[in-house]
Amino acid sequence: MSQAKDMPVRHVVVAIMLAAGPFVVGASLAFADGSGDPAAVKNEGGSGKYYDKEGNPTFKVQSDGTVDWFTYSGFRRYHSDCHVCHGPDAEGSSYAPALSRVLKTMNYPDFANVVVNGRKNVNTAQESVMPSFGINPNVMCYIEDIFVYLRARANDAIPRGRPQKHEDKLEAVTQAENSCLGHKS
């Protein structure tokens, strides 16, 4: 089976739209700027996923510091695949920018476009290359989680380091992960 056949439909649709370019993404999806109000206003059908008033994936941090499962998952996935270049806790490095600052102004479609397609910036002072992760299921199956974690860091909703408390992982989340990663339940 192909990877695309094993991926949930929404991931395939997002990947196709992103591959088509930023003009299609911008015209087809209405997402708020990453610096907009990240307040969670709805939970998707009891899935544990939170969205802001514009429908962007976002974080939910309770008054005792407990984070939603997807913020915690995003922390884990970020530190598995992204921190090597972007530094621990998204604070940047000599290789890549601090995503804890970049996501103050970057929206989800732009973030996903860079992750899926990569980016190359060349000028007289430097050359920076972000590789494409569009076919890496360890990133693509968790792209929203990574965005949510980075959005929480960008909005100072969580401190540096591993979140101390998190919501439980729901069985539906495990099933969706297994489906996306091509694992049999």
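## Tyrosine 78 and the helices around it

Leaving aside its neighbours within four places in sequence, tyrosine 78 is in contact with His83, His86, Gly87, Asp89, Ala90, Leu99, Ile146, Tyr149 and Leu150. The structure shown here is a predicted model, and this residue is a useful place from which to begin reading it. Tyrosine 78 belongs to helix 4, and because its relative accessibility is 0%, tyrosine 78 counts as buried. Its side chain also reaches the backbone nitrogen of alanine 90, at 3.3 Å. Although tyrosine 78 and isoleucine 143 are 65 residues apart along the chain, their C-alpha atoms are separated by 9.4 Å.

Before following these contacts further, it helps to have the whole protein in view. The protein has 10 helices and 5 strands, and of its 185 residues, 41% are buried. When contacts between residues at least 6 apart in sequence are considered, 59% of them join residues that are at least 24 apart.

One place where distant parts of the chain meet is the pairing of two helices. Helix 4, which covers residues 69-81, packs against helix 9, which covers residues 143-154, at an angle of about 100°, and their axes are 7 Å apart. Angles from 65 to 115 degrees count as roughly perpendicular, so helix 4 is described as roughly perpendicular to helix 9. On the side of helix 4, the contact is made by Phe70, Thr71, Ser73, Gly74, Phe75, Arg77, Tyr78 and His79, while helix 9 contributes Asp145, Ile146, Val148, Tyr149, Leu150 and Ala152. Sorted by class, this contact has 8 nonpolar, 4 polar and 2 charged residues.

Threonine 71 gives a second view of this pairing from within helix 4. With a relative accessibility of 0%, threonine 71 counts as buried. Not counting residues up to four places away in sequence, threonine 71 touches Val148, Tyr149 and Ala152, and also Phe59, Lys60 and Ile158.

The next step is to look at the nonpolar core. The largest nonpolar core has 30 residues, and those that touch the most other members are Tyr78, Leu103, Phe111, Ile143 and Leu150. Helix 4, helix 7, helix 8 (137-140) and helix 9 each supply at least two residues of this core, and the largest share, 8 residues, comes from helix 9.

Helix 7, at residues 108-117, deserves a closer look of its own, and here one may ask which of its residues are buried. They are Tyr108, Pro109, Phe111, Ala112, Asn113, Val114, Val115 and Val116, so that helix 7, with 8 of its 10 residues buried, is mostly covered. Among them is asparagine 113, whose relative accessibility is 17%; because buried means under 20%, asparagine 113 falls within that class. The side chain of asparagine 113 is joined to the side chain of asparagine 117 by a polar contact of 2.5 Å.

Both ends of helix 7 can also be examined. At the N-terminal end, asparagine 107 acts as a cap, with a side-chain oxygen lying 2.8 Å from the backbone nitrogen of aspartate 110. Just after the helix, glycine 118 takes a positive phi of about 80°.

Notes. Residues numbered from 1 in each chain as written. Predicted model: local features only at pLDDT ≥ 70, side-chain atom pairs only at ≥ 80, totals over all residues. Heavy atoms only, no water. Axes fitted to C-alpha atoms, helices over the stretch in contact; angles between N-to-C directions. Helix = DSSP H or I, 4+ residues; strand = E, 2+ residues; numbered from the N terminus. Parallel < 35°, antiparallel > 145°, perpendicular 65-115°, else oblique. Contact = heavy atoms within 4.5 Å. Nonpolar A, V, L, I, M, F, W, Y, C, P; charged D, E, K, R; others polar. Buried < 20%, exposed > 50% of the residue type's maximum accessible area, 1.4 Å probe, protein only. Polar contact = N/O pair within 3.5 Å; in protein donor to acceptor, adjacent residues only side chain to side chain. Core = buried A, V, L, I, M, F, W, Y, C linked by side-chain atoms within 4.5 Å.
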